[in-house]
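Please find below a note on the model under review, set out as numbered points for a computational chemist.

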Amino acid sequence: MALFSELTHTTVWRAVFDIARPKFSAVLADIRTSLLRHKDLVEKQANLLHFDQFRRQYEELEIRFRQQEKVEIQRQQMEALEWLAMTPTETMPTGDQEYYASKRKDYPASGQWLSSCREYQEWIDPQTTHISCIWLNGKPGAGMGL
């Protein structure tokens, strides 16, 4: 009787499973579809987060680059102005340099017109210049003294 009872239970469960299989298959297919959609959403969200992080890093790098560029342009401008001022330094040769520098002491504003000249501003700006020299000419004594 126990064997008959066991066979009956197994048969009954198999019959129940066979009857319910299409319903379970549909439920499992729905679960699988839902999991795949969830996976896609998680991957898209992760991609958006990575993209946003990359964008922020790019913006930070761009800001730092602009700051460094600004500092470099200011350094180049100061270097050019110091060179134009003709003040003696340890690295410059003496002689004519000292003589002309002493002459300029009486005219401290001499040569400042150059920094407001459009051609000079374009020449000193590394973004717009493509030449390495600038030509200055004028009448002697006309206020161009450097």
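The points that follow treat confidence, architecture, burial, surface and salt bridges in turn.

1. Status and confidence. The model is a predicted one. The mean pLDDT of the protein chain is 75, and 74% of the residues reach at least 70. Confidence varies by element: helix α1 has the highest mean pLDDT, at 81, whereas helix α2, residues 96-104, has the lowest, at 69.

2. Architecture. The protein chain contains 3 helices and 0 strands. Read from the N terminus, the order of elements is α-α-α. Helix α1 covers residues 2-85, and several of the features discussed below belong to this element, among them Phe 24, the pair Arg 56 and Asp 52, and the pair Glu 62 and Arg 66.

3. Burial and contacts. Of the 146 residues in the protein chain, 8% are buried. As for contacts with a separation of 6 or more, 46% of them join residues that lie 24 or more positions apart.

4. Nonpolar core. Which residues make up the largest nonpolar core? The set has 5 members, namely Ala 80, Leu 114, Cys 117, Tyr 120 and Ile 124. These residues are buried, because a nonpolar core is defined as a set of buried residues joined through side-chain atoms within 4.5 Å. Once neighbours within four places in sequence are set aside, Ile 124 is in contact with Gln 76, Gln 77 and Ala 80. Of these partners, Ala 80 is itself listed in the core.

5. Exposed surface. The accessible area of the protein chain is about 13,200 Å², and 62% of this area comes from carbon and sulfur atoms. A nonpolar patch on the surface is formed by Phe 17, Phe 24, Val 27, Leu 28, Ile 31 and Leu 35, which together have about 600 Å² of accessible area. One of its members, Phe 24, is located in helix α1. Phe 24 counts as partly exposed because its relative accessibility is 45%, a value between the 20% and 50% limits of that class.

6. Salt bridges: total and network. How many salt bridges does the rule count? The total is 8. A network of salt bridges links Asp 52, Arg 55, Arg 56 and Glu 59.

7. The pair Arg 56 and Asp 52. Within this network, Arg 56 and Asp 52 form a salt bridge whose closest N and O atoms are 3.8 Å apart. The two residues are 4 positions apart in helix α1, so about one helical turn separates them. Both side chains belong to partly exposed residues: the relative accessibility is 42% for Arg 56 and the relative accessible area is 25% for Asp 52.

8. The pair Glu 62 and Arg 66. A salt bridge also joins Glu 62 to Arg 66, with 3.7 Å between the closest N and O atoms. Here too the residues are 4 apart in helix α1, and therefore about one helical turn lies between them. Glu 62 is partly exposed at 32% relative accessibility, and Arg 66 is partly exposed with a relative accessible area of 44%.

9. The pair Arg 118 and Glu 119. What is the distance between the closest N and O atoms in the salt bridge of Arg 118 with Glu 119? The closest N and O atoms of this pair are 3.2 Å apart. Glu 119 has a relative accessible area of 42% and is thus partly exposed.

Note on methods. Residues numbered from 1 in each chain as written. Predicted model: local features only at pLDDT ≥ 70, side-chain atom pairs only at ≥ 80, totals over all residues. Heavy atoms only, no water. Buried < 20%, exposed > 50% of the residue type's maximum accessible area, 1.4 Å probe, protein only. Contact = heavy atoms within 4.5 Å. Areas by Shrake-Rupley, 256 points an atom, 1.4 Å probe, with all protein chains shown as cover. Patch = residues over 30% accessible without salt bridge, like charges linked within 9 Å, V, L, I, M, F, W, Y side chains within 5 Å. Salt bridge = Lys/Arg side-chain N within 4 Å of Asp/Glu carboxyl O. pLDDT = per-residue confidence, 0-100.
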